[in-house]
Amino acid sequence: MLRKLLSIFFTISILSINSVPVLAQTEQTKAIEHLDVHKKAPCNVVTITDQRSIVEKGNVLQFVFDEKFFSKCSKAGETVHFVVPQALYTREGTLLLPCGTKITAEVINIEKPKWFNKNARVSLIFRKIILPDNTCIDIKARPFTKDFKLKEGPWTTAGKLVASTLTLGIVGAGAGVGFSFIPNPAEIGTGLAIGIPIGCGVGLAVGLITPGCHYKAKKGEAVYALLMEEFSICK
């Protein structure tokens, strides 16, 4: 009986030893490096390990449009394509994204232009990075702007106001000349002096209250993207 019990105990011990899992090799941090893409980035840290490069949340990357984009002709759910304009290295010299790396983004929402010159706004989420060897990396990033949206800058709006002012200023000048010429051609100067200010004033007023500009981007136009989550590149 004792011999039988010892045999059972010995068998259980052997099985227990064989079932102990082999511990995986621990990932080791080799260096902490940095990105210099944007001086106002909330974070510029890249953790380098023996297995991968980890681009931390809060880093800012730069992409360029790989195609023309016009908010008036786009809608939510569409995919927009970007590329990395030049190879991305850390300050210390580690290659992260080779030149030609592709990025896809999803249009989440488009706010149309509104009255009183409120420009259109485009909400995007950058979804994937596709390396030249077709390795696909999931990311989550938003445009690095105050409201995380793409929109035309103030110069575009100013140009629209100038165009409106000049156009109706010319109309006002023509009207002034016409009205002054009817009774007395010598009064053309007076007509211009009256017509131009009125036309420009009306043009400015009309420009101020009309809807703002749609968002346009040319192929090759750059945007900054803020990482909402970290992503890693395996070695």
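The points below cover a four-stranded sheet, a Glu-Lys contact and the largest pocket of a predicted model.

1. Basis. This is a predicted model, in which local features need pLDDT of at least 70, side-chain atom pairs count only at pLDDT 80 or more, and totals for chains, interfaces and linings use all residues. Residues are numbered from 1 along each chain as its sequence is written, and side-chain values use heavy atoms, with hydrogens and water left out.

2. Sheet. The strands β1, β2, β3 and β15 form an open sheet in that order, with antiparallel pairing. β1 and β15 (231-234) are at the edges and have a single partner strand each, so one side of each lacks a neighbour in the sheet. On average, neighbouring strands of this sheet are turned by 20° against each other, direction ignored. Strands are DSSP runs (E, at least two residues), numbered from the N terminus; two of them pair if DSSP finds at least two bridges between them. Axes for the angle are lines fitted to C-alpha atoms, and angles run from 0 to 180 degrees between N-to-C directions.

3. Strand β2. Residues 45-49 make up β2, and four of its five residues are buried (under 20% relative accessible area, 1.4 Å probe, protein chains only). Five bridges connect β2 to β1 (residues 29-34), and His-34 has Val-45 as its bridge partner in β2. On the β3 side (residues 52-55) there are three bridges, and Ile-48 has Ser-53 as its bridge partner in β3. β2 and β3 form a hairpin, with two residues between them.

4. Glu-111. This residue belongs to strand β9 (residues 102-111). Its side chain makes a polar contact with that of Lys-149 at 2.5 Å; such a contact is a pair of N or O atoms within 3.5 Å, one able to donate a hydrogen and the other to accept it, and residues adjacent in sequence count only if both atoms are side-chain atoms. Glu-111 and Lys-149 are 38 residues apart in sequence, and their C-alpha atoms are 9.8 Å apart. Leaving out residues up to four places away in sequence, Glu-111 touches Ala-120, Arg-121 and Lys-149 (heavy atoms within 4.5 Å).

5. Largest pocket. About 240 Å³ of space lies in the largest pocket. Its lining has 15 residues, with Thr-145, Leu-150, Ala-222, Val-223 and Tyr-224 nearest the centre. β12 (149-150) and β14 (222-227) each supply at least two lining residues, and β14 gives the most, with three. A pocket here is an open set of points on a 1 Å grid over the protein atoms alone, where a 1.4 Å probe fits, with protein on both sides within 12 Å along at least five of seven lines; lining residues have an atom within 4 Å of a point. The volume is the space filled by probe spheres set on the points.

Terms used:
Buried means under 20% relative accessible area, exposed over 50%, partly exposed in between (1.4 Å probe, protein chains only).
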